[in-house]
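Q: I'd like to learn how to read a structure like this one. Can we go through it feature by feature?

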Amino acid sequence: MNTDEHRYLGLARRQAQDGLALSHGRDVVATSAMVLGLAGDLVGARRLAGDLAKRFPADTLVQIEYLPMIQGCTATGAQAAEPPRVAC
């Protein structure tokens, strides 16, 4: 990953945190969790996903859309954070 990519990931993390500082609404939390997951903050993304699941157990949008998207974003972020593997 080059320095520009690191800079953009840092900016994305800061903007997600800024959004959370303004609101803890369902959509802001979900979007911030997705951004954090893609940016490699897996702990933060999973913490927010757990918060959503706990606060909105009967919300169809959260359960069917947001939580699976957050899981996908954290999986993608985890793969991006891993060093490349070289086949021998």
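Q: Which residue forms a salt bridge with D27, and how far apart are the closest N and O atoms?
A: A salt bridge pairs a side-chain nitrogen of Lys or Arg with a carboxyl oxygen of Asp or Glu, within 4 Å. Keep in mind that this is a predicted model. Here D27 pairs with R26, and the closest N and O atoms are 3.0 Å apart.

Q: How many salt bridges does a search of the whole structure find?
A: The search finds three. Besides the D27 pair, R26 meets D59 at 2.9 Å, N to O. D59 sits in the loop between α3 (42-55) and α4 (60-81), while R26 is in helix α2, so this pair ties together parts that are 33 residues apart in sequence. Then there is R55 with D51, at 3.1 Å, N to O. Those two both lie in helix α3, four residues apart, or about one turn of the helix. Salt bridges with shared partners also join R26, D27 and D59 into one network.

Q: Which of these charged residues are buried, and which are partly exposed?
A: The cut-off for buried is under 20% relative accessible area, and partly exposed runs from there up to 50%. D59 has 18%, so D59 counts as buried. R26 is partly exposed at 25%, and D27 is partly exposed at 36%. In the α3 pair, R55 has 37% and is partly exposed; D51, with 26%, is partly exposed too.

Q: Let's move to a helix. How does the reach of α2 compare with the span expected at 1.5 Å a residue?
A: Take the distance from the first C-alpha to the last and set it against the expected span. α2 has 13 residues and reaches 19 Å, close to the expected 18 Å. After α2 comes G40, with a positive phi near 95°.

Q: Which residues of α2 are buried?
A: Start with the general idea: an α-helix has 3.6 residues a turn, so residues three or four places apart point the same way. In α2, the buried residues are V29, A30, S32, A33, M34, L36 and G37.

Q: S32 is on that list. What does the side chain of S32 reach, and what is S32 in contact with?
A: For a polar side chain, look for a partner as well as for the burial. S32, found in helix α2 (residues 26-38), is buried with a relative accessible area of 5%. The side chain of S32 reaches the backbone oxygen of V28 at 2.9 Å. Leaving aside neighbours within four places in sequence, S32 is in contact with A16, L20 and L48. You can also check a C-alpha distance: S32 and G44 are twelve residues apart in sequence and 9.2 Å apart in space.

Q: How many residues does the largest nonpolar core have, and which have the most contacts inside it?
A: In soluble globular proteins, nonpolar side chains tend to be buried together. The largest core here has 17 residues, and those with the most contacts inside it are M34, L48, L52, V62, L67 and I70. α1 (3-22), α2, α3 and α4 each supply at least two residues of this core. Take V62: leaving aside neighbours within four places in sequence, V62 is in contact with R26, L52, F56, L67 and P68. R26 is the residue that forms salt bridges with D27 and D59.

Q: Zooming out, what pattern does the protein follow along the sequence?
A: Count the helices and strands, then read them in order. There are four helices and zero strands, giving α-α-α-α. Of the 88 residues, 30% count as buried.

Q: What share of the contacts join residues at least 24 apart in sequence?
A: Set the short-range contacts aside before working out the share. Among contacts between residues at least 6 apart in sequence, 55% join residues at least 24 apart.

Q: And how much area does the protein expose?
A: Look at the total, then at the atoms that supply it. The protein exposes about 5800 Å², and carbon and sulfur atoms supply 59% of it.

Notes: Residues are numbered from 1 along each chain as its sequence is written. This is a predicted model: local features need pLDDT of at least 70, side-chain atom pairs count only at pLDDT 80 or more; totals for chains, interfaces and linings use all residues. Side-chain values use heavy atoms; hydrogens and water are left out. Buried means under 20% relative accessible area, exposed over 50%, partly exposed in between (1.4 Å probe, protein chains only). A polar contact is a pair of N or O atoms within 3.5 Å; within protein, one must be able to donate a hydrogen and the other to accept it, and residues adjacent in sequence count only if both atoms are side-chain atoms. Contact means heavy atoms within 4.5 Å. A nonpolar core is a set of buried Ala, Val, Leu, Ile, Met, Phe, Trp, Tyr and Cys residues joined through side-chain atoms within 4.5 Å. Accessible areas come from the Shrake-Rupley method with a 1.4 Å probe; for residues, only the protein chains shown count as cover. The expected span of a helix is 1.5 Å times one less than its number of residues.
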